[in-house]
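Here are a few exercises to work through with the model open beside you. Take each task first, try it yourself, and then follow the solution step by step.

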Amino acid sequence: MSDLALDLTAETTTSAVPASRASLTLGHVLTGMGSDIDPAVRLEDVLLIRHAFRPGDPTALRGPEDLAEERVMAYTREQGLSPRQFPSDPPRFWVILIADGKRRSRLWGTFENHGEMIAERTEVNRFFDLRISDFLAPLNDRLVIEWDSPRNWHRRATSAANLPVLEIADRDKEPFPGFDGVLLTYHRLCEMVESPRYADWRTALKEVQGIYLITDSTNGKQYVGKADGAERILGRWTSYARDGHGGNVALRELAYDSAAGETTKTDHARHFVFSLLRVFGPSTPSTEVDSAESHYKDALMTRQFGLNRN
């Protein structure tokens, strides 16, 4: 890795640098990190794309919960056919930034463009074969630049090399709030099972059995579940992060939409909120966990009015 790249990835402080006094620019970062790749990544090889959240548009990225790789890729790979909307021959690397304020933009990650999927072209749109890239990966979610023209949502790196770097900082560690304080949206649940920031959470949740609650924030319906035996809470919740339903009948029905004889996957899991009702030590008998699960189903009436089917 080049000296510049080493300097950048080792930086742990956060600083705001006015554009007029910026000593570190996006061009420095791109060329410094790009020199470690064979062949080297040049500014000419990079397209910058800035996505902004649009909560009311179901076809767009509506919030942080939509920043999963699959969703960002699907949204980014579809582009307008007109060269006035999008470059007719976009370069190899697409660096994705997420609006983080009026001018602030935070690095999400990078896709490598393997060309247009001609067979998918429509009268108005093109679709590209994008694959996640490790280029700039050490700076994902850490690098913040000043995007000087919010109306322009994409631009060549050659024209954006002088954009100032505002921050290169480590994300704060998330302290575990105690079992009674656990309350996670689905987006944060997915972060919790993977991100180093949630290491303390994983340490705690992998040691306990327990009864958990999933609430559908669109209508208030609830699901009571259990994690017992060797699976523990962390193992059970990891399955929800993976597929959105964990194999539960009613949640699986919400995860898939059956219409006109076809079944398609939905993103309904984005509305789920996870919490804990009761935790047990690792040696607690399964019969005691089962009894507690049945009690909470009865107390919360989740069989009659919620999402439990048994």
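**Exercise 1. Get an overview of the fold.**
Task: What share of the contacts between residues at least 6 apart in sequence join residues at least 24 apart?

Solution.
- Step 1. Take the contacts in the protein between residues at least 6 apart in sequence; 65% of these join residues at least 24 apart.
- Step 2. Keep in mind that you are looking at a predicted model.
- Step 3. Add the secondary structure: the protein has 8 helices and 14 strands.
- Step 4. Add the dimensions: along the principal axes, the C-alpha atoms fill a box of roughly 65 × 50 × 35 Å.
- Step 5. Turn to the surface. About 15900 Å² is exposed, and carbon and sulfur atoms supply 50% of that area. Of the 310 residues, 45% are buried.

**Exercise 2. Find the buried face of a helix.**
Task: Which residues of helix α3 are buried, and where do they lie around the helix axis?

Solution.
- Step 1. Go to residues 69-77, which make up α3, and pick out the buried ones: Val 72, Met 73, Thr 76 and Arg 77.
- Step 2. Look down the axis of α3. The buried residues fall within an arc of 115°, so they line one face of the helix.
- Step 3. Look for the packing partners of these buried residues: they are the strands β1 (46-51), β2 (78-80), β3 (93-99), β4 (104-116) and β5 (125-133).

**Exercise 3. Compare two aromatic pairs.**
Task: Are the rings of Phe 176 and Phe 179 stacked or edge-to-face, and are Tyr 198 and Trp 201 buried or exposed?

Solution.
- Step 1. Search the whole structure for aromatic pairs; there are 13.
- Step 2. Check the geometry of Phe 176 and Phe 179. Their centres are 5.3 Å apart with 75° between the planes, and the pair is edge-to-face.
- Step 3. Check their accessibility. Phe 176, at 22%, counts as partly exposed, and Phe 179 is partly exposed at 26%.
- Step 4. Move on to Tyr 198 and Trp 201, an edge-to-face pair with 5.5 Å centre to centre and 70° between the planes.
- Step 5. Apply the cut-off: buried means under 20% relative accessible area. Tyr 198 has 1% and is buried; Trp 201 has 2% and is buried.

**Exercise 4. Look for other ring arrangements.**
Task: Which residue lies over the face of Trp 147?

Solution.
- Step 1. Start from the ring centre of Trp 147: Arg 155 lies over the face, at 5.7 Å.
- Step 2. Now locate a cluster of rings, formed by Phe 86, Trp 94, Phe 128 and Trp 153.

How values were computed: Residues numbered from 1 in each chain as written. Predicted model: local features only at pLDDT ≥ 70, side-chain atom pairs only at ≥ 80, totals over all residues. Heavy atoms only, no water. Buried < 20%, exposed > 50% of the residue type's maximum accessible area, 1.4 Å probe, protein only. Helix = DSSP H or I, 4+ residues; strand = E, 2+ residues; numbered from the N terminus. Arc of directions from axis to C-beta. Contact = heavy atoms within 4.5 Å. Phe/Tyr/Trp six-rings, centres within 6.5 Å; stacked < 30°, edge-to-face > 60°. Lys NZ or Arg CZ within 6 Å of the ring centre and 35° of its normal. Areas by Shrake-Rupley, 256 points an atom, 1.4 Å probe, with all protein chains shown as cover.
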